[in-house]
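Reader: I am new to reading protein structures. Could you take me through this one, step by step?

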Amino acid sequence: MDHTSAKYIGAGLAMTGLIGAGAGLGILFGNYLQAAMRNPAAAASERVWLFLGMALAESMGIFGLVMGFVILFVNV
Amino acid sequence: MAAIVPMEQFLIHKVVPLPPISAPGIGQVDLSITNSVMFMLIAAGILCLFFAVSARRAIVPGRMQAMAEMIYGVVDGTLTGGIIGDRGRPFLPFILTLFLFIATLNILGLMPGGFTVTSQLAVTAALALMTFLMVIVVGFARNGLGFFKLFMPSGMPLPMALGVMPIELISFLVRPLTLAMRLFGNLLGGHVVTYMFASFVVGLGVFGIEGPGLAKLGLLGSGVSFAMIVALTTLEFVVAFLQAFVFAALACVYLNEVVNLDHGH
């Protein structure tokens with residue numbers, strides 16, 4: 001396998017990190033909606049934590065994305 | 001057909017070249033006005049102008065003042081007030097500046113011909129390091145050596161606490177890295193994806209027009225990609241505000257830990 005194709009395969013593999021981020025975001029928003037439907041009065045006060053959790057879950061996927069970009073575009 | 005170069009939009013080039021300045025201990029420093037610096041200056045100018053126009057202190061607020069008061073209310077109510085509590089008031093100017101500056105930079109990056117400053121890791125790293133150093137300084141100023149209680153979970157048996165402390169320390173030390181990478185990655189990723197779909201519009205469109213028979217399906221793909229660009233641009237506007245909000249909120253969470261170290265609120 002030559003250098004370029006190995007690079008592309010590696011970048012693709014780095015993208016598998018997004019699986020976890022997707023599952024995490026689904027769980028997060030699903031559970032938030034479930035809780036908000038049960039107790040709508042408390043929903044607004046927890047929205048900040050929803051976005052914080054979203055940022056934390058998403059950042060894991062973003063790290064994978066950045067790794068992919070680094071593998072593809074950084075010339076070492 | 002033009003080559004597809006998704007990373008070209010993030011290249012920094014000089015707009016106003018200035019002669020290098022020799023700084024003591026560092027050597028030659030290039031202080032030229034690059035496109036990155038230029039857009040940061042534009043963002044700072046917009047914000048100064050916005051508050052110069054809106055801060056009239058009228059009892060019945062006009063449109064601009066109502067807008068500024070709303071932004072202030074959100075930051076004061078949900079960020080410093082909601083997360084840190086009453087002791088968070090002194091940090092309001094810092095958090096408000098952080099939020100508005102990042103949001104303005106993100107929005108400027110979405111304008112046609114704009115340059116996304118927050119997609120430069122150096123810029124986001126500087127903002128994250130500033131927040132991190134502020135947390136450390138405030139932590140030592142408020143608590144003295146009690147700052148190290150941050151790494152010591154309360155009510156835990158000593159042998160276990162000794163094992164947890166290194167983990168807490170590491171998770172504290174990677175905070176600036178995660179802060180910087182989150183903002184950088186979100187903005188970079190969003191702009192690259194939009195660029196890729198834009199290249200699909202042109203590529204598939206040309207393929208559909210020139211090709212025979214079934215190749216006409218390329219026109220359909222081109223149209224779908226165009227619709228995707230519209231949807232992605234909408235998403236990017238949400239992301240621009242959301243990431244600024246998240247950055248400010250995380251800065252608040254980190255400040256809260258050191259400000260309210262001795263007692264929860």
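Author: Short questions and answers follow, on a model that is predicted.

Reader: How many helices and strands are in chain A?
Author: From the N terminus on, the elements of chain A run α-α-α. No β appears in that order. The count for chain A is three helices and zero strands.

Reader: Which element of chain A has the highest mean pLDDT?
Author: Chain A averages a pLDDT of 87, and 99% of the residues score at least 70. Among its elements, α3(A) has the lowest mean, 83. The highest mean, 93, belongs to helix α2 (residues 17-38) of chain A.

Reader: What radius of gyration does chain A have, beside that of a compact globule?
Author: The C-alpha trace of chain A spans about 60 × 20 × 10 Å along its principal axes. A compact globule of 76 residues would have a radius of gyration near 11 Å. For chain A the value is 18 Å.

Reader: Why does α1(A) lie largely in the open?
Author: A residue needs 20 or more other C-beta atoms within 10 Å of its own to be buried. Helix α1 of chain A covers residues 3-14. It lies largely in the open because, of its 12 residues, the number buried is zero.

Reader: How far apart are the end C-alpha atoms of helix α1 of chain A?
Author: The expected span is 1.5 Å times one less than the number of residues. For the 12 residues of α1 of chain A, that rule gives 16 Å. The model agrees, with end C-alpha atoms apart by 16 Å.

Reader: What are the elements of chain B, from the N terminus on?
Author: Chain B has seven helices and four strands. Its mean pLDDT is 89, and 98% of its residues reach 70 or more. From the N terminus on, the order is β-β-β-β-α-α-α-α-α-α-α.

Reader: Which element gives the most to the largest nonpolar core?
Author: This core has 47 residues. Phe99(B), Phe247(B) and Ala248(B) have the most contacts inside it. Chain A takes part through α3 (47-73), while chain B supplies at least two residues from each of several helices, including α1 (35-54) and α3 (92-110). With 14 residues, the element that gives the most is α7(B).

Reader: Which residues does Phe247(B) touch, not counting residues up to four places away in sequence?
Author: Phe247(B) is among the residues with the most contacts inside the largest nonpolar core. One residue that Phe247(B) touches, Leu98(B), is buried in α3(B). So is another, Ile102(B), by the 20-neighbour cut-off. The full list is Leu98(B), Ile102(B), Leu179(B) and Leu183(B).

Reader: Which elements do the buried residues of α3(B) pack against?
Author: The buried residues of α3(B) include Ile95(B), Phe99(B) and Gly109(B). Phe99(B) also belongs to the largest nonpolar core. The packing partners of the buried residues are α1, α2, α6 and α7 of chain B.

Reader: Is Ala68(B) buried, exposed or partly exposed, and why?
Author: Ala68(B) sits in helix α2 of chain B. Leaving aside neighbours within four places in sequence, it is in contact with Phe51(B), Ser54(B) and Ala55(B). Buried needs 20 or more C-beta neighbours, and exposed needs 12 or fewer. Ala68(B) has 19 inside 10 Å, so it counts as partly exposed.

Reader: What is the phi of Arg57(B)?
Author: Arg57(B) is found in the loop between α1 and α2 of chain B. With 7 C-beta neighbours inside 10 Å, it counts as exposed. Most residues other than glycine have a negative phi. Arg57(B) is not a glycine, yet its phi is positive, at about 60°.

Reader: Which element gives the largest share of the side of chain B that touches chain A?
Author: The contact takes 17 residues from chain B and 11 residues from chain A. On the side of chain B, α2 (63-84), α6 (175-210) and α7 (217-259) give two or more residues. That side divides into 10 nonpolar, six polar and one charged. The largest share, seven residues, comes from α6(B).

Reader: What ipTM does the predictor give the complex?
Author: Two scores are given for the complex. The pTM is 0.87. The ipTM is 0.76.

Note on methods. Residues numbered from 1 in each chain as written. Chains lettered and ligands numbered in written order. Predicted model: local features only at pLDDT ≥ 70, side-chain atom pairs only at ≥ 80, totals over all residues. Contact = placed C-beta atoms within 7 Å. Nonpolar A, V, L, I, M, F, W, Y, C, P; charged D, E, K, R; others polar. Core = buried A, V, L, I, M, F, W, Y, C linked by C-beta atoms within 7 Å. Rg over C-alpha atoms; globule rule 2.2 N^0.38 Å. pLDDT = per-residue confidence, 0-100.
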